Amino acid sequence: MANKKAKAILNWSGGKDSALTLYKLQQFEDFEIECLLTSISQKYQRISMHGVRLELLEMQAKSVGIPLVKMEIPDMPTMEVYEQTMRETLSELKNQGVTASIFGDIFLEDLRTYRENKLAEIDILGVFPLWNQSTDHLIREFLDLGFKTITTCVNEKYLDKSFVGRVIDEDFLKDLPSGVDPCGENGEFHTFVFDGPIFTKPIEFEKGEVVLRKYEAPKTEDETDQCFSKEIEDPTKYGFWYCDLIPV
């Protein structure tokens, strides 16, 4: 008898790393993906930090064919509020048989340790399919597979306004300044995936307004769901360029 697949959730940001993670999961079929779990700004009804409208997220989930679970987070929450909301959401999913939580993280050791410790508190396994792989290799694998993605948020410490609202291709990668990770793993940029092998049809949108937003520093040492790098001494000095994407 074949081993029964473990029921899992995929932490879904709508961006390239979570999309590539889902593609790899579909190839090996070790897990039964029960849902896509996405953190949503309660105030703005957009994907946390990525700034993508809820309608586009729902279009993604429909095209992928996996149920979407939206975890609404207050604007600029304390870590205590964030962790309590996450604990309640995951506990409910665990009651439905979920035993694993899957992430697209690549090399941020502190973040992985944080996730694993919090999951262990409710006896859920953390899984990291992209872990410790070359980001140069991953971004080119992503493009070679036919995925298409656009930057929706860039950290002004690393990139200027011209990088937001750009489709990632070879020209984009060549234009990245020295020291910027090609997958944006240090929070340099975030993306929205609108086509690729996991979708039944492309997600249609048009580009809207580009704006600069400033944020307060995280209120604890952990930077979960923030676009800040630990290299930044005073995150209050830095803002983020956002490109609005409008469903069509």
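This note goes through a lysine side chain, a four-stranded sheet and one helix of the predicted model.

1. Basis of the values. The model is predicted, so local features are taken only at pLDDT of at least 70 and side-chain atom pairs only at pLDDT 80 or more, whereas totals for chains, interfaces and linings use all residues. Residues are numbered from 1 along each chain as its sequence is written, and side-chain values use heavy atoms, with hydrogens and water left out.

2. Lysine 16. This residue is found in helix α1, residues 16-28, where helices (H or I, at least four residues) and strands (E, at least two) are DSSP runs numbered from the N terminus. Lysine 16 is buried, with a relative accessible area of 5%; buried stands for under 20% relative accessible area, exposed for over 50%, and partly exposed for values in between, with a 1.4 Å probe and protein chains only. A polar atom of the lysine 16 side chain lies 2.5 Å from the backbone oxygen of cysteine 183. Leaving aside residues up to four places away in sequence, lysine 16 touches a set of residues including Ile139, Phe142, Cys183 and Phe189, contact being heavy atoms within 4.5 Å.

3. The open sheet. Its 4 strands follow the order β7-β6-β9-β8 with antiparallel pairing, two strands being paired if DSSP finds at least two bridges between them. Because β7 (189-195) and β8 (205-214) stand at the edges with a single partner strand each, one side of each is left without a neighbour in the sheet. Neighbouring strands of this sheet are turned by 25 degrees against each other on average, direction ignored; axes are lines fitted to C-alpha atoms, for helices over the stretch in contact, and angles run from 0 to 180 degrees between N-to-C directions.

4. Strand β6 and its partner. Strand β6 (residues 148-155) runs antiparallel to β7 and is joined to it by 6 bridges, and valine 154 has phenylalanine 189 in β7 as its bridge partner. Helix α2 (residues 54-64) packs on the sheet, where it touches β7, β8 and β9 (239-247), and its direction makes about 65 degrees with that of β9.

5. Helix α3. The buried residues of α3 (residues 79-95) are Met79, Tyr82, Glu83, Thr85, Met86, Thr89, Leu90 and Leu93. They cover an arc of only 160 degrees around the axis, which puts them on the same side of α3; the arc is that of the directions from the helix axis to the C-beta atoms. These buried residues pack against β1 (6-11), β2 (31-41), β3 (68-73) and α4 (109-120), whereas the face turned away from the buried side carries the exposed residues Glu80, Glu92 and Asn95.

How values were computed:
Polar contact = N/O pair within 3.5 Å; in protein donor to acceptor, adjacent residues only side chain to side chain. Expected span 1.5 Å × (residues − 1).
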